[in-house]
Amino acid sequence: MKKEVLRVSHLCFSYNQDSILSEVSFSVFAGEIVSIVGNNGVGKTVLGKILSGEQKEDSGMVLFHGKVLPPGEARKKCIHYIQEEEKILGNMTVAENILMGQEPDRGCYFHWSGSCKKVQEYLKRYGLNIHAKQKGFELSAAQKRMVMLVRELIQKPELLIIDGALDLISYGSIPEMVRLLKDMVAQGTTIVYLTHNHRLAASFSHRLLFLQKGLIVYEMERAAFADDKIQQVASNFMKEIKWQSGKRADIYEEVLKVQDLTTEGLKQVSFTLRRGEIVGLIGFKHNGISEFLECLSGSRKKWQGEIWVDGALVDLRSPKNAIKSRIRICGDNHQGVLLKLSETIKMNLNVSIINRISRHGLIQKKYENMIAKEYCEKFGIHYDIHTKLTELNFGAVSKVAIASCMISNPRVLILNKATRGLDEEGMQDLYEILDEIRKNCGVILNFSNVERGLGICNRIIFWGREGILGELKGEEIDYENIVSCMSGQSQ
């Protein structure tokens, strides 16, 4: 007989008179991984915060082993929660972040070197290219989420809520992370996983619960899992991308030219980008894509070579110089693009165009509000412009970050895995605005998911360890050709 660990009964929550969760009810049993699937904005993150005691519901009950858990500390003690935001302390080492709170009581000796060795063994076991003595600020957003998962593995909670931690991890690392989740279950942890990626969730879940407009609208047991069945259910309850593959915009003048660019990890790379063109970058592990994009964004010093924007030679010694040269980059952690998360959507959107909305040193509120509302509408950011970013889910923050780049009218827009955290609906919104903005600029996409970008790209460029290996153009671009090219290059 199944042992019920968690029961959610008629849970309701509203924000600014908008219903976020409406009569949500479900149960989770010991040893299960249950995934709650839905597009960004349907209430998954709010549900996770309520279950973990970080937010209070309007009505309904949360029961743990049949006993009602009131909001607040009582829930936090029983239910662990990994949020979308990376809760890693930057000035502490990876080992300290993982072991924090697990030190023995006063009077007992804590063997620090032995503990570091133990942490390093865990990191190695799951194929994580992270050292136990690295500082938190040195980690990428994806690495921080991996560290958070390892911390929970060591702590052995009875019930763990995970808000999309695998959604931001590269595809090559997913098998190891799935193994980590299964190890958690084997040691007695029951998991509720919140995600927009139903295909990924189906690979490790025992049940899928589909959430739409604050309601659980469908439940699927693992015995019923099949690609066509899951796709059918998802298409009924989730908005899928309906991008017209092969749709191509007109290509105009050259906006970017790179000649013989050389730096650490790159050797004499030459590259061009034209207005109206979207170029996708694909590479194997340890390729030179990151180094190339860092040179273009001014965050990495080039050793030799030249870069032109709109036919003019530019000196990209710093990110500030790159922005002045009308090159904007948005990455998966949004650094260098957004203000503090405690600032509003309006502030984050308008920070890059202060000169355009100011007169005699004073910001014109009318234009500030008008532009912010315009870009929220374009990007499907369904929040009031005065909402702080801390109140948004990761997908909405990604939209704000990309919009803040586009609002400055760049000639070269670089999206460096910035689509991570966007669901199908978010990707559709992004592609539609990219199709509009490429009339004024060229776009470089470094993929986090190859399949999601094929329909919009004019060229796909394949990267090896030190530079460009080859490319596909126009009608040559399809998934089969990409697999064939990558298979040939891997041999």
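I began with one residue pair: isoleucine 460 stands opposite leucine 472 in S22. Strands here are DSSP runs (E, at least two residues), and helices are runs of H or I of at least four, numbered from the N terminus.

I noted the ground rules next. This is a predicted model, in which local features need pLDDT of at least 70, side-chain atom pairs count only at pLDDT 80 or more, and totals for chains, interfaces and linings use all residues. Residues are numbered from 1 along each chain as its sequence is written, and side-chain values use heavy atoms, with hydrogens and water left out.

I followed S22 into its sheet. S21 and S22 run antiparallel and are joined by 5 bridges; strands count as paired if DSSP finds at least two bridges between them. The sheet is open, has 6 strands in the order S16-S19-S20-S13-S21-S22, and its pairing is mixed. S16 (327-331) and S22 (468-473) are the edge strands, each pairing on one side only.

I then looked up the largest nonpolar core (buried Ala, Val, Leu, Ile, Met, Phe, Trp, Tyr and Cys joined through side-chain atoms within 4.5 Å; buried means under 20% relative accessible area, 1.4 Å probe, protein chains only). This core has 42 residues, and Phe379 and Met406 are among those with the most contacts inside it. Among the elements that each supply at least two residues are strand S13 (278-283), helix H12 (365-379) and strand S21 (459-463). H13 gives the largest share, 8 residues.

I checked phenylalanine 379 for contacts (heavy atoms within 4.5 Å). Leaving out residues up to four places away in sequence, phenylalanine 379 touches Lys399, Ile402, Ala403, Met406, Asp429, Leu430 and Ile433.

Note on methods
Buried means under 20% relative accessible area, exposed over 50%, partly exposed in between (1.4 Å probe, protein chains only).
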